[in-house]
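Me: I am new to this structure and would like a close look at a single part of it. Please pick one helix, show me what surrounds it, and then follow the links outward into the rest of the chain.

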Amino acid sequence: MTSTTSYIAPAALRIDPASGFMEHATRHYEKRFRDLTGLYADDGAFRRLAADLGEVVVYEVWEHKASEAPGDLIVGTSVMKPGKVGDEYFITRGHIHARADRAETYYGQAGRGVMLMESPAGEVRALEMTPGVMVYVPPHWIHRSVNVGSDTLVTVFCYDSAAGQDYGIIERAGGMRSRVVDDGRGGWKLVDNPAWSPAGR
Ligand code: NI
């Protein structure tokens with residue numbers, strides 16, 4: 001007996017914990033330091049660093065996206081180099097899902113990170129992502145990864161493959177409400193972003 005139904009093929013995706021390389025990725029992309037213009041509070045520090053680090057790859061994603069069929073998932077790794085711009089730790093651009101009611105998980109694989117989250121009402125949550133910790137990002141929360149350690153941060157993500165990303169929600173508000181900075185004692189703390197104004201979104 002034959003069937004004409006075509007199912008998506010299952011896959012086993014081996015992940016190298018240290019580098020974040022994922023086998024059978026359907027997409028791999030990189031961001032260089034200069035691509036992150038405008039994200040950090042200290043623009044002078046950013047420009048000074050960019051003179052040396054501008055072409056350095058500071059962020060990579062390996063992802064496996066089989067389809068955008070209803071119910072399908074995208075899985076992959078996010079790889080972030082360590083560093084600071086002024087006293088602010090390296091961050092990703094951050095987004096809300098274009099379909100904002102779609103949640104996401106991030107599993108800490110290597111390094112020490114923070115998932116910075118902001119609800120539409122302006123509530124802020126920052127949760128550490130260390131190896132063995134699964135962070136759950138609920139629907140409707142803006143989210144951004146922060147590398148607060150001295151090593152590469154590798155996390156494994158999973159979300160609805162049709163969720164998409166809206167990056168403009170952060171830009172329109174002048175950034176996220178809080179920034180993650182060096183606390184001067186080897187750790188991190190949240191500080192208010194005075195440029196934040198959610199009215200525009
Ligand atoms: Ni997301």
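Reply:
**Helix H1 and its surroundings**

Strand E4 (84-85) is among the elements that cover the buried residues of H1. Please keep in mind that this is a predicted model. Which residues of H1 are buried? They include Gly-44, Ala-45 and Phe-46. At the start of the helix, Asp-42 has a side-chain oxygen that comes within 3.3 Å of the backbone nitrogen of Gly-44.

Let us stay with Phe-46, whose relative accessible area is 4%, so that it falls below the 20% limit for a buried residue. Its ring brings us to the aromatic pairs of the model. Two rings count as a pair when their centres lie within 6.5 Å, and by this rule there are 7 aromatic pairs. In one of them, the rings of Phe-33 and Phe-46 have centres 4.6 Å apart and planes at 20 degrees; this pair is stacked because planes under 30 degrees apart count as such. The partners sit in distant parts of the chain, 13 residues apart: Phe-46 belongs to helix H1 (43-53), while Phe-33 is in the loop between strand E1 (27-32) and that helix. Phe-33 is buried too, with a relative accessible area of 1%.

A second pair makes a useful contrast. The centres of the Tyr-106 and Phe-157 rings are 6.4 Å apart and their planes meet at 55 degrees, so this pair is tilted. Tyr-106 is in strand E6 (residues 104-110) and Phe-157 is in strand E11 (residues 153-160), so the pair ties together parts 51 residues apart in sequence. Is Tyr-106 buried or exposed? Tyr-106 is buried, with a relative accessible area of 6%, and Phe-157 is buried with a value of 6%.

Back at the helix, Phe-46 belongs to an aromatic cluster together with Phe-33, Tyr-40 and Phe-90. Tyr-40 from this cluster is also touched by Glu-88, so let us turn there next. Glu-88 is placed in strand E5 (residues 88-89). With a relative accessibility of 3%, Glu-88 counts as buried.

What does Glu-88 touch, leaving aside residues up to four places away in sequence? Its contacts are Leu-39, Tyr-40, Ala-41, Gly-83, Arg-179, Val-180 and Val-181. Two of these neighbours also appear in polar pairings. A polar atom of the Glu-88 side chain lies 3.0 Å from the backbone nitrogen of Ala-41. The side chain of Glu-88 also makes a polar contact, at 2.5 Å, with the side chain of Arg-179.

Arg-179 takes us to a hairpin. The bridge partner of Arg-179 is Val-191 in E13. Strands E12 (residues 178-182) and E13 (residues 188-192) pair in the antiparallel sense, with 5 bridges between them. There are 5 residues between the two strands of this hairpin, and Gly-184 takes a positive phi near 80 degrees in it.

Another hairpin can be set beside this one. Strand E7 (residues 113-118) pairs with strand E8 (residues 124-129) in the antiparallel sense over 6 bridges. Gly-113 stands opposite Met-129 in E8. This hairpin has 5 residues between its strands, and Gly-122 takes a positive phi near 90 degrees.

Now for the nickel ion. Its protein donors are His-95 (NE2), His-97 (NE2), Glu-104 (OE) and His-143 (NE2), at 2.0 to 2.2 Å from the ion. The 4 donor atoms make angles of 82 to 166 degrees, and the site is irregular. Along the sequence, the donor residues follow the spacing H-x1-H-x6-E-x38-H. His-97 lies in the loop between E5 and E6, and His-143 lies in strand E10 (residues 142-147), so the pair ties together parts that are 46 residues apart in sequence. Both His-97 and His-143 are buried.

To finish, here is a residue in another setting. Ala-9 is found in the segment before E1, and at 58% relative accessibility Ala-9 counts as exposed. Between Ala-9 and Lys-189 there are 44 Å from C-alpha to C-alpha, and the two are 180 residues apart in sequence.

Note on methods:
Residues are numbered from 1 along each chain as its sequence is written. This is a predicted model: local features need pLDDT of at least 70, side-chain atom pairs count only at pLDDT 80 or more; totals for chains, interfaces and linings use all residues. Side-chain values use heavy atoms; hydrogens and water are left out. Two strands pair if DSSP finds at least two bridges between them. Helices (H or I, at least four residues) and strands (E, at least two) are DSSP runs, numbered from the N terminus. Rings of Phe, Tyr and Trp (its six-membered ring) pair if their centres lie within 6.5 Å; planes under 30 degrees apart count as stacked, over 60 as edge-to-face and the rest as tilted. Buried means under 20% relative accessible area, exposed over 50%, partly exposed in between (1.4 Å probe, protein chains only). A polar contact is a pair of N or O atoms within 3.5 Å; within protein, one must be able to donate a hydrogen and the other to accept it, and residues adjacent in sequence count only if both atoms are side-chain atoms. Contact means heavy atoms within 4.5 Å. Donors are N, O and S atoms within 2.8 Å of the metal (3.2 Å for Na, K and Ca); water is not among the atoms, so sites may look incomplete. Four donors count as tetrahedral if all angles lie between 85 and 135 degrees; four count as square planar and six as octahedral if opposite donors are over 155 degrees apart and all others between 65 and 115; anything else is irregular.
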